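User: I'd like a close look at how helices pack in this model, please. Could you walk me through one such contact and then set it in its surroundings?

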Amino acid sequence: MQFADSLVLDAPKRTRDGFLAVRAKAARAGVYDYGATEVGGIERGFKASDTVKVYRPADEVFAADSVASFLAKPVTNDHPAEAVTADNWKQHARGVNMGALRDGDYLAFDLVIMDGALIADIDAGKRELSNGYSCTLDWGAGVTDAGLKYDAIQRNIRGNHIAVVDKGRAGPECQIQKDSIGGKRWSNCDANPLAISGLNEGYKMKITLDGVQVTLTDASEVQAAFDKIKADAVAASESATAALADEKAKVATLTAEKTALEAKVTANDAVDLDKLVADRAALVAKAKSLKPDLVVDGKSADEIRKEIVLAALGDDAKDFDAAQITAAFAVISKDAKADDKKVVPLNPTVRNTDGADAVATIRAARYA
């Protein structure tokens, strides 16, 4: 986890070469407040609006390896967007930390600022400072010997740079003092850590683009992520275009089939209609021959057949389904002709010209 502390440059002096030399109280032990989003508290169950209490024990602040880690580290003009390394030192360094030591409850630095532009900024009022360092957070609630509650402990503090900033976390009282008494006056500033939101592993801010974790300070990773997003979008577009073309082809095929079927139906309409008229006329003629007073207007063919069958068989046919009605009508009307003058009585004893008992035949067909 990467952090930034506010500190103070006090009693600056000019060297013979025009460099700015100053000693600064840099840090102290204590419990400091952070926003939950600054220190990864959301992943630990904190709300974005919550304050996380972080404890910096004296044995961590003043540990030999922690103090030594700030030696020879560069002074920068504002915080760079990446950790300062040998690869980018020339780009970011404006001075150097020449010494680090414990001074009472404080860790103090001896800084030399060598860049004329930054020195001019300091003379113009850019006086506050902020340490840049990494550490690990040991999560777990507790209480210090002084009775202060905390949510996590900073451990393994390692310095990276010291930045001159317009506004540090500790406020305007933590700034370079123009005047000093005998060059020994130090500002009474409590360095208050300022976490840089989302940074870890050497100021490498990571976000997720389309499922790919990207380091914002790594141009190649960012470009690769956007290239992937673009390629995925192009592939999705091409796939959608191909699918649309397939659907259009299916619609064209169905349209052609519909046109052909409509043409076929139109061609057959006259033939089918003539057949329907002829079939209807033959049915009506047979029915009338069996029951002259039969009214056929407004009745379907099935209704006409059913009326003839019921008239012939009575209750025996009341539960007949459509298929049985059709079969019974075929038997009853087998020898009926439209020009017959003789009407066959419709009663249970009717017999056809072959001498078969129509009722028996129909009943046999019903219960087969």
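Analyst: Happy to! The protein chain has eight helices and 13 strands, taken as DSSP runs numbered from the N terminus, with helices (H or I) of at least four residues and strands (E) of at least two. This is a predicted model, in which local features need pLDDT of at least 70 and side-chain atom pairs pLDDT 80 or more, while totals for chains, interfaces and linings use all residues. Residues are numbered from 1 along each chain as its sequence is written, and side-chain values use heavy atoms, leaving out hydrogens and water.

Of the 368 residues in the protein chain, 35% are buried (buried means under 20% relative accessible area, exposed over 50% and partly exposed in between, with a 1.4 Å probe and protein chains only). Among contacts (heavy atoms within 4.5 Å) with a separation of 6 or more, 63% join residues 24 or more positions apart.

Now to the helix pair. Two packed helices are described by the angle between their axes and the distance between the axes. Here helix H6, residues 301–313, packs on helix H7, residues 322–332, at an angle of about 65° and with the axes 9 Å apart. That angle makes H6 roughly perpendicular to H7, a class that runs from 65 to 115 degrees, with under 35 roughly parallel, over 145 roughly antiparallel and the rest oblique. The axes are lines fitted to C-alpha atoms over the stretch in contact, and angles run from 0 to 180 degrees between N-to-C directions. The crossing of H6 past H7 is left-handed, meaning that the near helix is turned anticlockwise from the far one by less than a right angle (clockwise would be right-handed).

Which residues make the contact between H6 and H7? From H6 come Asp-302, Arg-305, Lys-306, Ile-308, Val-309 and Ala-312, and from H7 come Ile-325, Thr-326, Ala-328, Phe-329 and Ile-332. By type, seven of these contact residues are nonpolar, one is polar and three are charged (nonpolar: Ala, Val, Leu, Ile, Met, Phe, Trp, Tyr, Cys and Pro; charged: Asp, Glu, Lys and Arg; polar: the others, Gly among them).

Ala-327 also has its place in H7, where it is partly exposed, with a relative accessible area of 34%. Its C-alpha atom is 9.7 Å from that of Arg-305, although the two residues are 22 apart along the chain.

How does the pair relate to the cores? The largest nonpolar core has 30 residues, and Leu-107, Phe-109, Leu-111, Ile-113 and Val-164 have the most contacts inside it (a core is a set of buried Ala, Val, Leu, Ile, Met, Phe, Trp, Tyr and Cys residues joined through side-chain atoms within 4.5 Å). At least two residues of this core come from each of several elements, including strand E8 (106–113), helix H4 (116–123), strand E9 (128–143) and strand E10 (149–165). A second, separate core of 18 residues includes Ile-304, Val-309, Ile-325 and Ile-332. Val-309, Ile-325 and Ile-332 are thus also among the residues of the H6–H7 contact.

Away from the helix pair, Thr-144 sits in the loop between E9 and E10 and is buried, at a relative accessible area of 11%. Leaving aside residues up to four places away in sequence, Thr-144 touches Val-31, Tyr-55 and Tyr-150. Its C-alpha atom lies 8.6 Å from that of Val-31, 113 residues apart along the chain.

Finally, a word on backbone angles. Most residues other than glycine have a negative phi. Ala-72 has a positive phi near 65°; Ala-72 is placed in the loop between helix H2 (64–68) and strand E6 (74–77) and is exposed, with a relative accessible area of 55%. Asp-78, likewise not a glycine, has a positive phi of about 70°. Asp-78 belongs to the loop between E6 and helix H3 (89–92) and is partly exposed, at 32% relative accessible area.
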